Amino acid sequence: MSGRVLVLNSFVKGWNILKSLARDGFEVNAGDYRSGAPGLYSNRIKDKSKNLVYPNPKIDEEGFAQSVLEHIQKYKFEIILPVNAAEMMALAKRAADIRERSLFPFENYYKLLLLHDKKYFFEVIAGILDDNLLPRSWSIGDKTPPTSEILDKAGLFDVPYQPMQDYSTPENFLNTVPGLAYPVVVKTRRATSAVGVYRVQNKNELFSACRKLGDEDIIVQENLVGRGVGISSLRWKNPDMITHFGHKRVREYPISGGASTSREPWDIDNHPNTKSLNKLLEKLNWHGVVMFEYKESASKDGALEYKLLEANPRFWGSVPLAIANGVDFPVLLCRAATGMEIPKIINRKSVRARILFSDSLSALQNIIRGRRVGYHLQDYFNFRNLYLDDIDFSDIPATRKNIRQMFSEFFKHGRK
């Protein structure tokens, strides 16, 4: 196999993705806006002169897109694979230009937006599935086009949706919704990886969080207590549904509600949520990867209940866990997009995964604060069937960069 892939954003997640593609025979290169990103130094890259350091897409989206377009034109990459939201959404806006030069194996911009934007996502879920699957949520300062317009632009003319109640200002929201039970979560509609998310304990903290987010395009959501779990899928053509994978969070950082740092597989083959999500993806005529995140909690009678929080219509942070268990989403996506044979998929459902540095901080904080000390000690020191996202002694150049980053972050956190 000789397909040439450019992986954009090559920190830990992207590094693991490019390694999986290289193992399958793809020729890989890396791109990032940080010159020290470990994936840029991976020994899986045969010709590092074809790597790309591009402008930060969160700061200079146009400069980023132009840099990528020129690069894939120059080096004739067959597939371009953004792995984070900023890169993916910026390129999706310019998909026509990208596809003149390279395969872009993701949905059109407006379909991506329906799942990426929290308000659009909630309105579509409530219309297609059941609003009882969702936490209580409110919108403040909506300044974006209505869901109906986005559905039309996505080519989904017959998809039902249920509008969320919107309030013009935080003051209007609090005056109209008396007796709000705190804590609540305040987030920007396009928050990713826990960035732009605040858990507030009272009215003053709510006002403060809204100010930080600009007092517009905000979602306020009831605070759910429970374990984070996810169901990820790859849907394409022939067959429509290629595979799915389930995971449960063990720890996250920050421990108040951040990105997952330690995860374990979850058997969702016959889970009712898997069936309902398949229905959703069929209704959206979805092609590509996507991960849906839930909160799992026990009801009064002990049965497990699930609330659907958000979707990631891109590669998610725990994708190395799926890869380690034999469900190699990056390889499967690239093979499907290029019409290659899809190999038999065997989900081992036995390998756990963690990001060593951030998970060590998470375990330490949980223990110091007396949160399930025995559980976290036992899990942290269990190294059986364990995959480390950020350490790979068969790729020393990239691992060395990761370790340096760990020490830098450790001393920065230590000073705090």
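# Reading folds, bonds and burial in a predicted model

User: Pro254 lies in the loop between β11 and β12 (259-266); what is the peptide bond from Tyr253 to Pro254, cis or trans?

Analyst: As a general idea, most residues other than glycine have a negative phi, and most peptide bonds are trans. The bond from Tyr253 to Pro254 is cis, with omega near 0 degrees, and the one from Tyr182 to Pro183 is likewise cis, with omega near 0 degrees; Pro183 sits in the loop between α8 (170-176) and β7. Helices (H or I, at least four residues) and strands (E, at least two) are DSSP runs, numbered from the N terminus. The model is predicted, so local features need pLDDT of at least 70 and side-chain atom pairs count only at pLDDT 80 or more, whereas totals for chains, interfaces and linings use all residues. Residues are numbered from 1 along each chain as its sequence is written, and side-chain values use heavy atoms, with hydrogens and water left out.

User: Which phi does Lys76 have, positive or negative, and is Lys76 buried or exposed?

Analyst: Lys76, although not a glycine, has a positive phi of about 60 degrees, and is found in the loop between α2 (61-75) and β4. Burial is read from relative accessible area: buried means under 20%, exposed over 50%, and partly exposed in between, with a 1.4 Å probe and protein chains only. At 53% relative accessibility, Lys76 therefore counts as exposed. Asp215, in the loop between α9 and β9, also has a positive phi, near 60 degrees, and with a relative accessible area of 31% Asp215 is partly exposed.

User: How should I read the open sheet, and what is its strand order?

Analyst: Strands of a sheet pair through backbone hydrogen bonds, either parallel or antiparallel. Two strands are taken as paired if DSSP finds at least two bridges between them. Here an open sheet of 5 strands runs β6-β5-β9-β7-β8 with mixed pairing, and its edge strands, each pairing on one side only, are β6 (166-167) and β8 (195-200). Strands β7 (residues 184-192) and β9 (residues 218-222) are antiparallel over 5 bridges, and Val186 has Val220 in β9 as its bridge partner.

User: Which strands does helix α9 touch, and at what angle does α6 run to β7?

Analyst: Contact means heavy atoms within 4.5 Å, while axes are lines fitted to C-alpha atoms, for helices over the stretch in contact, and angles run from 0 to 180 degrees between N-to-C directions. Helix α9 (residues 203-212) packs on the sheet and touches β5, β7, β8 and β9, its direction making about 170 degrees with that of β8. Helix α6 (residues 118-128) lies across β5 (137-140), β7 and β9, and runs at about 100 degrees to β7.

User: How many residues of helix α12 are buried, and what do they pack against?

Analyst: Helix α12 (residues 329-337) is mostly covered, with 9 of its 9 residues buried, including Phe329, Leu332 and Arg335. These buried residues pack against several elements, among them α1 (12-23), β10 (227-235) and β13 (288-298). Just after α12, Gly339 takes a positive phi of about 75 degrees.

User: Which residues is Ala398 in contact with, leaving aside its neighbours within four places in sequence?

Analyst: Ala398, found in helix α15 (residues 396-415), is in contact with Trp15, Pro38, Tyr41 and Ser42 when those sequence neighbours are left aside. With 0% relative accessibility, Ala398 counts as buried. Its C-alpha is 7.5 Å from that of Asn43, although the two residues are 355 residues apart in sequence.
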